[in-house]
Amino acid sequence: SEMCIRDREEWDYQLTKDTIGGTIYKVWWEKTIIEILKPYIGEELLKPYFGYCPFELNRLFKLYQEKPQELSKLLLKTLQDTITFLSEKISPNHEKWKWGTLHQLTLAHPFSSGNEQAKILNIGPFKVGGDTNTINNGYYNPFNDHAVSVAPSFRQLHDLSDWRKSLWVIPGGQSGLPFHKHYND
């Protein structure tokens, strides 16, 4: 697809929440791994392990070392599946295929699973960048609708020449108390 090639050429390889090329790459990567592994291990094993054990595409491509035409067909199919998925899930307009549209983080309060009303204790969802392999970790499982399940927590910067200039942040704000003015800042 000409549109995908153009976006790939413009992609800076940063997996930000606004990247379009990164979204195409990540969904194509997922669909390719699923297409390769499903016949070998089945969906029953693939689903629980896919999000927790990232598979390396280059190793999987070795299965096609003697079958380059088969690999080419598979890659074209998964690219077409990617375009279809993004068109249906987000929009037919590829300008809207931003990573943060799929990849979102909700900070879930421990009591929020009690009932539907308790979800008011949650913060988000927030559109975020990253994935399992980035510094700004945004770990997710594509079988769980790309929802981020692991993200950076306590982060700090220290000025060793003046400790008072040090900064720190925790997800969800400083208080940890629902409905407090600093609960979600």
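The protein exposes about 12300 Å² of surface, and carbon and sulfur atoms supply 55% of that area. These values, like the others in this report, are computed from a predicted model. Of the 185 residues of the protein, 34% count as buried, and the C-alpha trace spans about 60 × 45 × 30 Å along its principal axes. As for charge, the protein carries 21 positive and 22 negative charges, and the mean positions of these two groups are 3 Å apart.

The secondary structure comes to five helices and six strands, and along the sequence these elements follow the pattern α-α-α-α-α-β-β-β-β-β-β. Among the contacts in the protein with a separation of 6 or more, 50% are accounted for by residues that stand 24 or more positions apart.

**Aromatic rings**

A pair of aromatic rings is described by the distance of the centres and the angle of the planes. The count of aromatic pairs in this protein comes to five. One of them joins tryptophan 99 and tyrosine 140, whose ring centres are 5.5 Å apart and whose planes stand at 75 degrees, so this pair is edge-to-face. Tryptophan 99 belongs to helix 5 (residues 99-102) and tyrosine 140 to strand 3 (residues 139-140), so that the pair links distant parts of the chain, 41 residues apart. Tryptophan 99 and tyrosine 140 are both buried.

Another pair is formed by phenylalanine 154 and tryptophan 168, with ring centres 5.9 Å apart and planes at 40 degrees, and the pair is therefore tilted. Here too the pair links distant parts of the chain, 14 residues apart, with phenylalanine 154 in the loop between strand 4 (148-150) and strand 5 (155-157) and tryptophan 168 in strand 6 (residues 167-169). Phenylalanine 154 counts as partly exposed, at 44% relative accessibility, and tryptophan 168 is likewise partly exposed, with a relative accessible area of 44%.

Aromatic residues also gather in a cluster, which is made up of Trp11, Tyr13, Tyr25 and Trp28. Two lysines lie over the faces of aromatic rings: lysine 26 is placed over tryptophan 29, at 4.1 Å from the ring centre, while lysine 67 is placed over tyrosine 64, at 5.2 Å from the ring centre.

**Two residues and their surroundings**

Phenylalanine 85 has its place in helix 4 (residues 68-89), where it counts as partly exposed because its relative accessibility is 22%. When residues up to four places away in sequence are left out, phenylalanine 85 touches Val27, Lys31, Ile90, Leu102 and His146. One of these, lysine 31, is 54 residues away from phenylalanine 85 along the chain, and the C-alpha atoms of the two are separated by 9.8 Å.

Which residues does glycine 129 touch, not counting residues up to four places away in sequence? They are Leu15, Thr16, Lys17, Trp99, His103, Asn136 and Gly138. Glycine 129 itself is found in the loop between strand 2 (123-127) and strand 3, and it counts as buried because its relative accessibility is 11%, which falls under the 20% that marks a buried residue. By C-alpha distance, glycine 129 and threonine 78 are 23 Å apart in space, with their positions 51 residues apart in sequence.

**Backbone details**

Most residues other than glycine have a negative phi, and most peptide bonds are trans. In this model the peptide bond from glycine 124 to proline 125 is cis, with omega near 10 degrees, and proline 125 has its place in strand 2. Two residues that are not glycine have a positive phi; the table sets out their angles and relative accessible areas.

| Residue | Phi | Relative accessible area |
|---|---|---|
| Tyrosine 13 | about 65 degrees | 59% |
| Phenylalanine 179 | about 75 degrees | 66% |

Tyrosine 13 stands in the loop between helix 1 (2-10) and helix 2 (21-50), and tyrosine 13 is one of the members of the aromatic cluster described above. Phenylalanine 179, by contrast, lies in the segment after strand 6. Tyrosine 13 is exposed, and phenylalanine 179 is exposed as well.

Note on methods
Residues are numbered from 1 along each chain as its sequence is written. This is a predicted model: local features need pLDDT of at least 70, side-chain atom pairs count only at pLDDT 80 or more; totals for chains, interfaces and linings use all residues. Side-chain values use heavy atoms; hydrogens and water are left out. Helices (H or I, at least four residues) and strands (E, at least two) are DSSP runs, numbered from the N terminus. Buried means under 20% relative accessible area, exposed over 50%, partly exposed in between (1.4 Å probe, protein chains only). Contact means heavy atoms within 4.5 Å. Accessible areas come from the Shrake-Rupley method with a 1.4 Å probe; for residues, only the protein chains shown count as cover. Lys and Arg count as positive and Asp and Glu as negative; His and the chain ends are not counted. The place of a charge is taken as NZ of Lys, CZ of Arg, CG of Asp or CD of Glu. Rings of Phe, Tyr and Trp (its six-membered ring) pair if their centres lie within 6.5 Å; planes under 30 degrees apart count as stacked, over 60 as edge-to-face and the rest as tilted. A charge sits over a ring if NZ of Lys or CZ of Arg is within 6 Å of the ring centre and within 35 degrees of the ring normal.
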